[in-house]
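Work through the exercises below with the sequence and the model side by side. Try each task before reading its solution.

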Amino acid sequence: MQTTIEVIDDKYVAALIGEMDTAAAAEAEEILKPLYSSDGKDVIIDCSRLEYIASSGLRILLTILKRAKANNSRVVLRGVNEDIKNVFGLTGFISIFEFE
């Protein structure tokens with residue numbers, strides 16, 4: 001799993017590449033921790049190359065969302081494939097995240 005964060009146009013843009021299984025989620029969480037305090041910047045999470053997400057990965061995304069909302073920031077999941085979108089649907093997360 002590869003995880004990166006950049007600041008583009010005053011927004012955090014994180015890219016998730018590969019499979020975010022339980023083992024990879026711990027490492028990804030360390031890289032994504034700066035998003036926990038988004039400082040009013042919106043957060044874009046590019047999932048276009050994310051192939052799989054475990055429940056531990058969903059927990060990380062939910063934490064980012066909760067903390068961003070507390071800072072008046074938006075979180076947008078970009079490029080989510082149908083398989084992963086189905087996971088969001090099964091967990092009920094489809095209605096709390098914004099997708100593009």
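Helices and strands are DSSP runs, numbered from the N terminus, where a helix has at least four residues and a strand at least two. The model is a predicted one.

**Exercise 1. Describe the loop between strand 1 and strand 2, and examine the backbone of Asp-9 and Asp-10.**

Step 1. Place the residues: Asp-9 is in the loop between strand 1 (2-8) and strand 2, and Asp-10 lies in the loop between strand 1 and strand 2 as well.

Step 2. Recall the background, which is that most residues other than glycine have a negative phi.

Step 3. Read the angles: Asp-9, although not a glycine, has a positive phi of about 50°, while Asp-10, also not a glycine, has a positive phi of about 60°.

Step 4. Decide between buried and exposed, where exposed means a relative accessible area over 50%. Asp-9 is exposed, with a value of 71%, and Asp-10 is exposed, with a value of 54%.

**Exercise 2. List the order of the elements and follow the parallel strands with the helices that link them.**

Step 1. Count the elements: the chain has three helices and five strands, and from the N terminus on they run β-β-α-β-α-β-α-β.

Step 2. Take strand 2 (residues 11-20) and strand 3 (residues 43-53), which pair in the parallel sense over eight bridges; within this pairing, Glu-19 stands opposite Tyr-52 in strand 3.

Step 3. Add the helix, since strand 2, helix 1 (residues 22-32) and strand 3 make a right-handed β-α-β unit.

Step 4. Continue to strand 4 (residues 75-78), which runs parallel to strand 3 and is joined to strand 3 by four bridges, with Val-43 opposite Val-75 in strand 4. The chain reaches strand 4 from strand 3 through helix 2 (residues 55-70), and this β-α-β crossover is right-handed.

**Exercise 3. Examine the length of helix 2, its buried residues and what they pack against.**

Step 1. Compare the span with expectation: helix 2 has 16 residues and reaches 23 Å from its first C-alpha to its last, which is close to the 22 Å expected at 1.5 Å a residue.

Step 2. Find the buried positions of helix 2, using a relative accessible area under 20% as the cut-off; among them are Leu-58, Leu-61, Ile-64 and Ala-68.

Step 3. Ask what these buried residues meet: they pack against strand 2, helix 1, strand 3, strand 4 and helix 3 (82-91).

Step 4. Look just after helix 2, where Asn-72 takes a positive phi of about 60°.

**Exercise 4. Which residues of the largest nonpolar core touch the most other members, and which elements supply this core?**

Step 1. Of the 28 residues in the largest nonpolar core, those that touch the most other members are Leu-16, Ile-45, Leu-61, Ile-64 and Phe-88.

Step 2. Trace the sources: strand 2, helix 1, strand 3, helix 2, strand 4 and helix 3 each supply at least two residues of this core, and the largest share, seven residues, comes from helix 2.

Step 3. Follow one member, Ile-45, which, leaving aside its neighbours within four places in sequence, is in contact with residues including Leu-16, Leu-61, Ile-64 and Val-75.

**Exercise 5. Assess the chain as a whole.**

Step 1. Consider burial: buried residues make up 43% of the 100 residues in the chain.

Step 2. Consider contacts: among those between residues at least 6 apart in sequence, 70% join residues at least 24 apart.

Step 3. Consider extent: the C-alpha atoms fill a box of roughly 30 × 25 × 20 Å, taken along the principal axes.

How values were computed: Residues are numbered from 1 along each chain as its sequence is written. This is a predicted model: local features need pLDDT of at least 70, side-chain atom pairs count only at pLDDT 80 or more; totals for chains, interfaces and linings use all residues. Side-chain values use heavy atoms; hydrogens and water are left out. Two strands pair if DSSP finds at least two bridges between them. A crossover is right-handed if, with the strands pointing away from the viewer, the path from the first strand over the helix to the second runs clockwise. The expected span of a helix is 1.5 Å times one less than its number of residues. Buried means under 20% relative accessible area, exposed over 50%, partly exposed in between (1.4 Å probe, protein chains only). Contact means heavy atoms within 4.5 Å. A nonpolar core is a set of buried Ala, Val, Leu, Ile, Met, Phe, Trp, Tyr and Cys residues joined through side-chain atoms within 4.5 Å.
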